Amino acid sequence: MSIEQDKQLQRFKERGYQADLLPKTKKQQTWGTFNYFTLWMGSVHNVPNYVAVGGFFFLGIAPQYILLAIFFSSIMIAGIMILNGKAGSRYGIPFAMSLRASYGEKGALLPGILRGCIAAIMWYGLQTYTGSLALLILIGKIWPAFLHIGGNFQFLGISLPGLIAFIIFWVLNLLIGLGGGSILTKFTALLNPLIYILFGGMTIWALSIGGGLRAILMYLPQQISNEHSSLIVFFMIVNANLAVWAAPGVSASDFTQHAKNFKSQALGQFTGLVLSYSLFAFSSVTILAGASIHYGVDTWNILDIVTKWDHLAATAFATLVLLLTTISTNATGNIIPAGYQLAATFPKKISYKQGVLIASVLSFLICPWKLMENQVSIYTFLEIIGGILGPVLGVMLAHYFVAMKQTLSLDKLYLAKGKTGYYKNGVNWFALAVTLVATLLSFIGKLIPSLAVLSGFSWMIGSFSAFILYCLVFLLFKSSSTLKEETK
């Protein structure tokens, strides 16, 4: 680190920033291509993603089109992660500071809390509860009497065995979160070979019991929805996959800040995500369709398949890997972003690890098992959060690539020097206004019944419209003196 960089970091520390929010130095940026190649593999192969594919079958589209839609969406997801992570890899800044660059010091508070706190903590709790169900299955297979501990005892709607499994899995997630990015890379390196052993084996098994690839590609559930054409359903599936990555896509800098350079994170993320999703698409379609054909019951949850197995060792191995993939997903998509965002919201009082601890406690207090009792309310909430995060992503990309031309001033960002053009009283009002308009557009299918078909494209509409609107705002007003000051 140069003397000038050292002095700059010292100025930022004197401003009250915790070490976790400071820009990483070149010495600290150690993640190479392989780190990013393996980073998201566990996040792709997890229980909620397999459940989503099960839901795609019921839309009435042929399996081969589901495969193609997932592959197409993987390319778009990789592009989003690479582009929105570019500022992080170039300047070593986390998502909280990248967001501040777009919305201003105070303006970043609202989108930051929506992504890093509310959405992350909700997903944190739901993922933990989903994983605890798999843990409960594993314990029940090994120790059947455990499932009857406590009799009819209920704690806020959850049985004592379920509560014990939830607490155990909650602690495991917390420990990974406290370890941060360094422990995550070691964790994923251990996990990824297990993922391919499990899902590769399950794919071969499904092809065998399901009558071969031809039978699987001809499979359709007994009850399907034929409300829309195949083309519309195809892009609805693409949108659904993109919406799953709405939160990680926005906060990509939390991970790319560790990159040796842009090329490392770009090549690693693209190859890792596209390859992982290609294998996931084939394995998920094959496993769910093959099992449905074999058991004679339409199966949409991979846990239902595992519980039907009589072989204890196979059930234990499968459940263990599913537990680990859930932890990996939770860490990359929820725990780490929540910790950074809470630290950024209260930079003088909360560190990253304290933020992780607070987020973990809150994820417990919301009683996610109660939320799982009503799927309609859960998906409505997540749809709203996704509709908001899409516009946030659009604004961030437009501001960095079009308005700022990929150039940021760390002194302005951390020290808020001077009255820069976009920011009035610490708020980029252009960004907030565009976000609001784009959010309304993303939910136009909900607001106008005659356009209900558009409700299946809320993330696409929100992100694309925000990007276009922000670029138009910039082009219309860039000649003003305030914008000249900010962009020069």
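Let me open with a pair of helices: H4, residues 47-57, packs against H14, residues 262-295, at an angle of about 60°, the two axes being 10 Å apart. That angle makes H4 oblique to H14. Please bear in mind throughout that this is a predicted model.

The crossing of H4 over H14 is right-handed. On the H4 side, the residues that meet H14 are Asn-49, Tyr-50, Val-53, Gly-54 and Phe-57. Their counterparts in H14 are Tyr-277, Phe-280, Ser-283, Ser-284, Val-285, Ile-287, Leu-288 and Ala-289. By residue class, this contact comprises nine nonpolar, four polar and no charged residues.

How many of the eleven residues of H4 are buried? Eight are, and H4 is accordingly described as mostly covered. The buried set consists of Val-47, Asn-49, Tyr-50, Val-51, Val-53, Gly-54, Phe-56 and Phe-57.

Val-53 leads to the next topic, the nonpolar cores. The largest nonpolar core holds 114 residues, and within that core Val-53, Ile-66 and Phe-199 touch the most other members. Helix H9, residues 160-209, supplies the largest share of this core, with 13 residues. In soluble globular proteins, nonpolar side chains tend to be buried together.

Turning to Ile-66, and setting aside residues up to four places away in sequence, its contacts are Val-53, Phe-56, Phe-57, Ile-61, Ile-237 and Val-285. Among these, Val-53 and Phe-57 from H4 and Val-285 from H14 also appear in the helix contact with which I began. There is, in addition, a second, separate core of 19 residues, which includes Tyr-17, Leu-21, Ala-101 and Tyr-400.

I now move to a second helix pair. The axes of H8, residues 109-142, and H16, residues 312-345, come within 8 Å and cross at roughly 160°. Since an angle over 145 degrees counts as roughly antiparallel, H8 and H16 are therefore roughly antiparallel to each other. Their crossing is left-handed. The contact of H8 with H16 contains 17 nonpolar, 14 polar and two charged residues.

Next, two individual residues in helices. Is Thr-256 buried or exposed? Thr-256, in helix H13 (residues 253-256), is buried, at a relative accessible area of 0%. Apart from neighbours within four places in sequence, Thr-256 is in contact with Tyr-36, Gly-85, Gly-88, Ser-89, Gln-265 and Gln-269.

Leu-472 belongs to helix H23, residues 458-477. With a relative accessible area of 44%, Leu-472 is partly exposed. Its C-alpha atom is separated by 9.8 Å from that of Ala-398, and the two residues are 74 residues apart along the chain.

Finally, some backbone geometry. Most residues other than glycine have a negative phi, and most peptide bonds are trans. Against that background, which residues have a positive phi here? Cys-367 is one of them, with phi near 50°. Cys-367 is placed in the loop between helix H17 (352-365) and helix H18 (368-371). Its relative accessibility is 12%, so Cys-367 counts as buried.

Gln-406 also has a positive phi, near 65°. This residue lies in the loop between helix H19 (375-403) and helix H20 (410-415). Gln-406 is partly exposed, at a relative accessible area of 23%.

Note on methods. Residues numbered from 1 in each chain as written. Predicted model: local features only at pLDDT ≥ 70, side-chain atom pairs only at ≥ 80, totals over all residues. Heavy atoms only, no water. Axes fitted to C-alpha atoms, helices over the stretch in contact; angles between N-to-C directions. Helix = DSSP H or I, 4+ residues; strand = E, 2+ residues; numbered from the N terminus. Parallel < 35°, antiparallel > 145°, perpendicular 65-115°, else oblique. Left-handed = near helix turned anticlockwise from the far one by under 90°. Nonpolar A, V, L, I, M, F, W, Y, C, P; charged D, E, K, R; others polar. Core = buried A, V, L, I, M, F, W, Y, C linked by side-chain atoms within 4.5 Å. Buried < 20%, exposed > 50% of the residue type's maximum accessible area, 1.4 Å probe, protein only. Contact = heavy atoms within 4.5 Å.
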